[in-house]
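Me: Please take a close look at one part of this model, the surroundings of a single side chain, and then set it against the interior.

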Amino acid sequence: VQSYFFNAQMLQLPNNDIVILAPTESQENARAHEMLQKLVAEKAIAGVHYLDVRESMRNGGGPACLRLRVVLTAEEAAAIKQDVVLTQEKQDQLNGWIEKHYRDRLVLEDLRDPLFVRELNEAYEALEPIIGLPRYYSSQML
């Protein structure tokens, strides 16, 4: 877990070589680094490239942000439900939602407060139309 080994991304290069893009924690962790080097030595992959994602982790992202990259044709992109595609307008709406609903701190006592559950449910309900997924959260509300 400390190495984020399973959050690495396998990529196929234009020359068809397969490489792994891994967080630097995988390079710094002896067991994970050894495993990655073994994959290279056994020619299972052509190489490993490490990326420092600590800033992303501190900002709420993390090494998992390395994993999802889907290249689509224009036709495939057009077939996606457009409500879930990030546009400038949607980003502005999300920023407004964050300003209104996202706490800048949370203390243990908040988790005991029944009003906190109500606050969460209201925030999720307000998020649904923005992300274009009606009843996504409200069907699971506490």
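Reply: Leu-72 counts as partly exposed because its relative accessibility is 39%, which falls between buried (under 20%) and exposed (over 50%; 1.4 Å probe, protein chains only). The model is predicted, so that local features need pLDDT of at least 70 and side-chain atom pairs 80 or more, while totals for chains, interfaces and linings use all residues. Residues are numbered from 1 along each chain as its sequence is written, and side-chain values use heavy atoms, without hydrogens or water.

Leu-72 sits in the loop that runs between helix H3 (54-58) and helix H4 (74-79) (DSSP runs of H or I, at least four residues; strands, E, at least two). Together with Ile-80 and Val-84, Leu-72 makes a nonpolar surface patch of about 210 Å² (over 30% relative accessible area, no salt bridge, nonpolar side chains joined within 5 Å).

Turning to the interior, the largest nonpolar core (buried side chains joined within 4.5 Å) consists of six residues, namely Ile-20, Ala-22, Leu-36, Leu-39, Ile-45 and Val-48. At least two of these core residues come from strand S2 (18-23), and at least two from helix H2 (30-41). Within this group, Leu-36 has contacts (heavy atoms within 4.5 Å) beyond four places in sequence with Phe-5, Ile-20, Ala-22, Ser-26, Ile-45, Val-48 and Tyr-50. A second core, separate from that one, has five residues, among them Trp-97, Ala-123, Ile-130 and Ile-131.

In helix H7 (residues 114-131), the buried residues are Phe-116, Asn-121, Ala-123, Leu-127, Glu-128, Ile-130 and Ile-131. The buried residues of H7 pack against two other helices, H5 (88-101) and H6 (108-112).

Key
Patches are made of residues with over 30% relative accessible area and no salt bridge: like charges are joined within 9 Å, nonpolar side chains (Val, Leu, Ile, Met, Phe, Trp, Tyr) within 5 Å. Accessible areas come from the Shrake-Rupley method with a 1.4 Å probe; for residues, only the protein chains shown count as cover. A salt bridge is a side-chain nitrogen of Lys or Arg within 4 Å of a carboxyl oxygen of Asp or Glu. The expected span of a helix is 1.5 Å times one less than its number of residues.
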